[in-house]
Amino acid sequence: MRIRLAHTTDAAAVNELLHQLGYPQDGTATTATRIQAWGDDLSSAAYAADADGDVLGLVAVHICPFFERTGAWGRIVALIVSDQARGQGVGGQLVTAAELFATSRGCVRMEVTSGDRRQDAHEFYRRRGYLDQTGRSSRFLRGFNDTSPS
């Protein structure tokens, strides 16, 4: 298995991964456009875990500059590992790729959010040294005519 930048040709596989995670997609063209946008943005990257042409997982990472101080932080926007590949180190390799992308751009911190019901994912992040901020900060959302699921 190798970790590589995601390609627009991965759109169908990415759609399947997102569906497994509970996020059905509109179609491969829309996903391909998103993958391309991430590839074109110097502050973002999407990496795929590729095993002989099969995409086993994906991580998307974005760099955000601090405003209140010098430096930046990285945010894992999405991490998905296929049902059949979980527990085999794929997620760890994808997170490492995201962290390397972030640190190569001067990030001093990495952030990830995970749904309350995803307890296995929470343990995964804890094992990697991520600190649970539950009770220390809150997340607030406001949609702007967005019809997609929250």
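This is a short walk through the structure in your viewer, from the whole chain down to single residues and then a pocket. Keep in mind as you click that the model is predicted.

**Stop 1: the whole chain**

Start with everything shown as a cartoon. You should find four helices and five strands, and, reading from the N terminus, they come in the order β-α-α-β-β-β-α-β-α. The radius of gyration is 15 Å, close to the 15 Å given by the globule rule for 150 residues, so the chain is as compact as a globular protein of that length. If you want a feel for the box, the C-alpha trace spans about 40 × 40 × 30 Å along its principal axes. Colour by accessibility and 36% of the 150 residues come out as buried.

**Stop 2: the sheet**

Now hide the helices. What is left is an open sheet of five strands in the order S1-S2-S3-S4-S5, with mixed pairing. Select 2-5 (S1) and 107-112 (S5): these two are the edge strands, and each has a single partner strand, so one side of each has no neighbour in the sheet. Look along the sheet and you'll see the twist, which averages 25° from one strand to the next.

**Stop 3: S1 against S2**

Select 44-51, which is strand S2; seven of its eight residues are buried. S2 pairs with S1 in the antiparallel sense, over four bridges. For a landmark, show Ile-3 and its bridge partner in S2, Ala-49.

**Stop 4: S2 into S3**

Next, S2 and S3: the pairing here is antiparallel too, with eight bridges. Two pairs worth labelling are Ser-44 with His-62 in S3 and Tyr-47 with Val-59 in S3. S3 is mostly covered, with nine of its twelve residues buried.

Which residue of this hairpin takes a positive phi? Go to the two residues between the strands and pick Asp-52, with a phi near 55°. Asp-52 has that positive phi although it is not a glycine. Is Asp-52 buried or exposed? Its relative accessibility is 83%, and since anything over 50% counts as exposed, Asp-52 is exposed.

**Stop 5: S3 into S4**

Select 54-65 and 72-81 together. These are S3 and S4, paired in the antiparallel sense over nine bridges. His-62, the partner of Ser-44, turns up again here, since its bridge partner in S4 is Arg-75. Then find Cys-64, which is bridged to Trp-73 in S4. This hairpin has six residues between its strands, and Gly-71 takes a positive phi near 110°.

**Stop 6: the second largest pocket**

Bring the helices back and switch on a surface. The second largest pocket has a volume of about 1,000 Å³. To centre the view, select Val-112, Thr-113, Leu-131, Asp-132 and Gln-133, which lie nearest the pocket's centre among its 27 lining residues.

Which elements each supply at least two residues of the lining? Highlight S4, S5 and helix H4 (119-127), and you have them. That brings one of the edge strands, S5, back into view. Finally, colour the lining by class: seven residues are nonpolar, eleven polar and nine charged.

Conventions
Residues are numbered from 1 along each chain as its sequence is written. This is a predicted model: local features need pLDDT of at least 70, side-chain atom pairs count only at pLDDT 80 or more; totals for chains, interfaces and linings use all residues. Side-chain values use heavy atoms; hydrogens and water are left out. Two strands pair if DSSP finds at least two bridges between them. Axes are lines fitted to C-alpha atoms, for helices over the stretch in contact, and angles run from 0 to 180 degrees between N-to-C directions. On a 1 Å grid over the protein atoms alone, a cavity is a set of points where a 1.4 Å probe fits but cannot get out, and a pocket is an open set with protein on both sides within 12 Å along at least five of seven lines; lining residues have an atom within 4 Å of a point. Grid points are joined across faces, edges and corners, and a volume is the space filled by probe spheres set on the points. Ala, Val, Leu, Ile, Met, Phe, Trp, Tyr, Cys and Pro count as nonpolar, Asp, Glu, Lys and Arg as charged, and the others, Gly among them, as polar. The radius of gyration is taken over C-alpha atoms; the globule rule is 2.2 Å times the number of residues to the power 0.38. Buried means under 20% relative accessible area, exposed over 50%, partly exposed in between (1.4 Å probe, protein chains only).
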